[in-house]
Amino acid sequence: MSGFVSDVLVLIGPGAAVDEALLGEIAEGEFTALGVRGVITYARDAAAVRARTVRRRAASERAVVIIPGADEGIRGLMREPLGLVVWLDIWRADGVEVGDGATHIHGRGLGGLSWAIRHAVHRLRHPRRRIPYGDHQDQWGELHLPPPSPEAAGPPPEAAGPSPAGGEDGPLAAGGEAGASAAGSAAGLPVVVLVHGGYWRSVWGADLMEGLCADLVGNGFAVWNLEYRRPDLHGWDATTADVAAGMDALAGVDAPLDLDRVAVAGHSAGAQLALRAVADGARVRVAVSLAGVLDLVEGGRRWIGQGAVADALGGLN
């Protein structure tokens, strides 16, 4: 089946402070849920990590998650262009730069392994294009596009050769009638902008929305999954400015988008940011709050997210 990931390799560096049994339990649960085969193994040094990763890169449809631990040699590989690798730090590790194609997930505890495996598999199953809207490493959006419909693919196979991806046997077929109902007009595809939550904290990122990205794309929508600087490291003004700039950046994206049919959906803290952007003039047809933290005064009183509102705003008066 197109897009099926045949296996996931989880590499653990020496000295990583993890409970092996619990790590295995978490990983097996994700392997089963995602329908993939997976293996967890230890790497003795940086050379072993590089060799195993390069072998996986040479093979098609292989996902790699690496828990480097504190080993400086392995951590030194994080900036190398090793491909679609997901680096996972159990503890919080802000500002880590990774090589082209790689991702860094951190600060989510052992449960971060679930997110790392999901992210690795989603990246291989669901192609996307990352487009920066600023110079900071957190200023980007990922554009997810549905494959072309059978009608857009041209003449039938007997007249034009083999059908391209997205024909009757392609991924779009899984969307059924719902996919057809959201089909793009002559002006382009309808767009959903997604703004992730995570109580405005930097340990949570746009990977939280990847399941929703896949569902929306399967139903014929283009998706702009937005990343932004979070206020715990950069301040509230930087965060709100990024969400506004990221939404504005859609106008410059080279893709068949209908900018007269744009919706924005945010989850939790992301819903507050999305609705704030709309209140400030973002051009959208529909705004959707998914479990939004919208009343910041009440949220501060209730101490949601262990003081998330005060942390985001720099204190409450």
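This section describes the two sheets, the helices packed on them, the aromatic pairs and the largest pocket of a predicted model.

One of the sheets is open and consists of five strands, which follow the order β2-β1-β3-β4-β5 with parallel pairing. Its edges are formed by β2 (residues 37-42) and β5, each of which pairs on one side only, and neighbouring strands of this sheet are turned against each other by 20 degrees on average when direction is ignored. At the β5 edge, strand β4 (residues 85-89) is joined to β5 by four bridges in a parallel arrangement, and within this pairing V86 stands opposite T103 of β5. Helix α1, which spans residues 20-34, lies across β1 (7-12), β2 and β3 (62-67), and the helix runs at about 160 degrees to β2.

A further open sheet contains six strands in the order β6-β7-β9-β8-β10-β11, and here the pairing is mixed. The edge positions are taken by β6 (129-132) and β11 (286-290), each of these strands being paired on one side only, while the twist from one strand to the next averages 25 degrees. Within this sheet, β8 (residues 189-195) and β10 (residues 257-267) run parallel and are joined by six bridges. Along this pairing V191 stands opposite V262 of β10, and L194 has A265 of β10 as its bridge partner. Strand β10 also pairs with β11, again in the parallel sense, over five bridges, with G266 placed opposite S289 of β11.

Two helices are associated with the strands of the six-stranded sheet. Helix α7 (residues 210-218) lies across β7, β8, β9 (222-226) and β11, and its course makes an angle of about 165 degrees with β9. Helix α9 (residues 236-248) packs on the sheet through contacts with β8, β9 and β10, and the direction of this helix makes about 155 degrees with that of β9.

Aromatic side chains form three pairs in the model. One of them is an edge-to-face pair between W115 and W204, in which the ring centres are 6.0 Å apart and the planes enclose an angle of 80 degrees. This pair links distant parts of the chain, since W115 belongs to helix α4 whereas W204 lies in the loop between β8 and α7, the two residues being 89 residues apart.

The largest pocket encloses about 840 Å³ of space. It is lined by 38 residues, of which T103, H104, R130, Q137 and W140 are the closest to the centre of the pocket. At least two lining residues are supplied by each of β5 (103-106), α4 (112-125), β7 (140-144) and α8 (231-234), and β5 provides the largest share, with four residues. In composition, the lining divides into 12 nonpolar, 13 polar and 13 charged residues. The pocket can also be placed relative to the elements described above. Strand β5, the source of the largest share of the lining, is an edge strand of the five-stranded sheet, and T103, one of the residues closest to the pocket centre, is the residue that V86 faces in the β4-β5 pairing. Strand β7, which contributes at least two lining residues, is a member of the six-stranded sheet, and helix α4, likewise a contributor of at least two, carries W115 of the edge-to-face pair.

Methods
Residues are numbered from 1 along each chain as its sequence is written. This is a predicted model: local features need pLDDT of at least 70, side-chain atom pairs count only at pLDDT 80 or more; totals for chains, interfaces and linings use all residues. Side-chain values use heavy atoms; hydrogens and water are left out. On a 1 Å grid over the protein atoms alone, a cavity is a set of points where a 1.4 Å probe fits but cannot get out, and a pocket is an open set with protein on both sides within 12 Å along at least five of seven lines; lining residues have an atom within 4 Å of a point. Grid points are joined across faces, edges and corners, and a volume is the space filled by probe spheres set on the points. Ala, Val, Leu, Ile, Met, Phe, Trp, Tyr, Cys and Pro count as nonpolar, Asp, Glu, Lys and Arg as charged, and the others, Gly among them, as polar. Two strands pair if DSSP finds at least two bridges between them. Axes are lines fitted to C-alpha atoms, for helices over the stretch in contact, and angles run from 0 to 180 degrees between N-to-C directions. Contact means heavy atoms within 4.5 Å. Rings of Phe, Tyr and Trp (its six-membered ring) pair if their centres lie within 6.5 Å; planes under 30 degrees apart count as stacked, over 60 as edge-to-face and the rest as tilted.
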